[in-house]
Amino acid sequence: MQTSRRSMGDGGPSIKKTKGAAAVDKKVPTRKIIYEQDPSYKFSETSVEKSTEPLAYYPANFLRTHSKNNDPADVQTQIWQCVFEPDPEDLGSYTDIVATCGGSSVCFIKTDTGEVILKYNRNTKSAAVVDNLYALVWSSVPLDDIGIKRINIVATAGGKSTVLLMHPEAGVCYAMFRTVPNKAAATVCSLLFHPKKATWLFCGHEDGHIQLWDVGTPRPKKYEVNPVHLITIPQVARDAYNLAFSQMNNLLIAGCDGGLHAWKMDMDKIEKKERLERMEFILPNSVKLGAVVDTITLLRDDILAIKCALHAKIYLIKLSTLVKEAKQKRSTGLEISVTEKMMVKLRWSETDNYYMNMGHDSKSCILVCGDDKGTLWVYDLLAYVTGSIQSPITDGPVLNKDVEPALMLEWPELQDDEVEKARKLRLDTYDIVVDNCSVSPGGRHIVAVTSNNMVCIWKRGVDEDDE
C-alpha cells in the first residue's frame, strides 16, 4: 500500500446556463437532416507506439469535486464517468483535460496539475435521486464543411431522461432536452456521438432501447439548436450500459444487461426509418455465469474489450472476424457464437459487484479496469495488438492461458482531514468501487472515479518522495 500526501479539494469556475439551457428553444426552425457522413470526416486511428518509460504509476492527485451542497466530507456521491477531451485541432488525439460526471455536477480537470478549471452543478433544490448524471461524452463539431474550425461540446445525461449540452470553452450549458418526455423515471445509461456524424448522439436507456438524435451545431453567443429525434432502436435486452462504434465495420455495439448486441449503421435505412441489421454475440459461459455485459470499450477500432459480470475475465475479440461470419449466414437477427478460440482472455477480479467500467489508450494499448477494493488492474496489450505475441485477435493461434495484469495499483493511504474533522469513517472502511477509468494518450495518466466521491489521478513514473 502506498502512502501519499495528496491534494483533496473542490472548486473551479462555475459553468453558466444560457437562456436556451432550461429547454430547447422551440422558436428555432426545423432543420433539414443530411443523411451522409460529415464532409470533413476521415477515419483516423492513432498509430500504436510503445512508450520508452517503464510501466509504473504513482497517485498524484485525489480530488473530491462532486460533493453534494459542497460538503467537503461527502463520501456518498458516486462519480460515474471520466472522459478525456478530444483535441479539435488534431483529430484522433486528446488534451490533458478530463471531464467527470456524478451526482448533479460535471467537472473539468487538468490532469497534469489536478486543477478543477470548470464545474457545472444542476439546481438540486427540487431534484430527486433520479436526477443523477450517469453518462458523459465529448464531440468535436465542425463549423465548416472541411473541418478547419471546430468546437468541442459535451453531452451528459442521467435520470428523468434529461440530456444536457455544454460548450466548456465558453463555460455554458446551452440546451437541455428529454428523450422520453412521458416517462418521468426514465434513465439514460449511456451516450455516444457518431464518429462519422459529429452531431448525431446515441442515447442508451435503462429498458434497453437506444435512440439516435441530431443535436445540431451550436453557434457561440446565441447557441440556437433544435435537437431532432431520428430513430429508435427497439430494445432487445435490458439496460444499455455501454455503447461503442467501430468505424471500419460501421457497427454500433451495445453492452446490455442481457448480452452483447450490434447494429449496422446504414444511413439509407436510418433516413427511411427501416429496421437496422442486428447481430447478437453469444459469449462463452453465458448460460452458466449469466450474460450481463456491464462494460465494453474499443482498444482499437477492430478490437473490442468486453467484461461480463461474474465471469472474472475480460475478453478481447476481433470484430471483423465476427462480421465476416455474420455475412456468411446472410440473415437478420443473427446470433454469432464467440468461442474461446476466437478471443484473448484477461484475468480479472472474481467480485460479484457490477458496473465497473474499463478505460484504454489506443496508442499505448494500455487497458485499465478498477475493482470494488479501489485497485486498478492495468494490462499492457501492445504485444498482442501488434502480433509480437500471436493470438486470435491477430489471426494467430489460441492462447492456453489468461493474460495477467501488468500492474495492480492499490488504493493509497490518504490523509483526509475533512473526513476526520466530520468524524466520519475512513474512506477504506467500506468497499471502494471504481466506477470508471480513463487513460490519457501514451498512457501518461490514468484517471479513475469512485463510488465514494473521488477523482483519482495516477501519473506515470515513480514518485520522487518514494525514491
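**View 1. Strands β30 and β31 pair in the antiparallel sense, with five bridges between β30 and β31 (residues 445-450).** Strands here are DSSP runs of E, at least two residues long, numbered from the N terminus, and two strands pair if DSSP finds at least two bridges between them. One bridge to pick out joins Cys437 to Ala448 in β31. The two strands make a hairpin with five residues in between, and Gly442 in the turn has a positive phi of about 75°. Six of the six residues of β30 are buried, so this strand is largely enclosed by the rest of the structure; buried means under 20% relative accessible area (1.4 Å probe, protein chains only).

This is a predicted model: local features need pLDDT of at least 70 and side-chain atom pairs pLDDT 80 or more, while totals for chains, interfaces and linings use all residues. Residues are numbered from 1 along each chain as its sequence is written, and side-chain values use heavy atoms, leaving out hydrogens and water.

**View 2. Asp435 sits in strand β30 (residues 434-439).** A polar atom of the Asp435 side chain lies 3.4 Å from the backbone nitrogen of Ser451. Looking beyond neighbours within four places in sequence, Asp435 is in contact (heavy atoms within 4.5 Å) with residues including Trp80, Tyr355 and Thr450.

**View 3. β25, β26, β27 and β28 line up in that order as an open antiparallel sheet.** β25 (358-361) and β28 (407-409) are at the edges with a single partner strand each, so one side of each lacks a neighbour in the sheet. Four bridges tie β25 to β26 (residues 366-370), and Gly359 has Val368 of β26 as its bridge partner.

Conventions:
A polar contact is a pair of N or O atoms within 3.5 Å; within protein, one must be able to donate a hydrogen and the other to accept it, and residues adjacent in sequence count only if both atoms are side-chain atoms. Buried means under 20% relative accessible area, exposed over 50%, partly exposed in between (1.4 Å probe, protein chains only).
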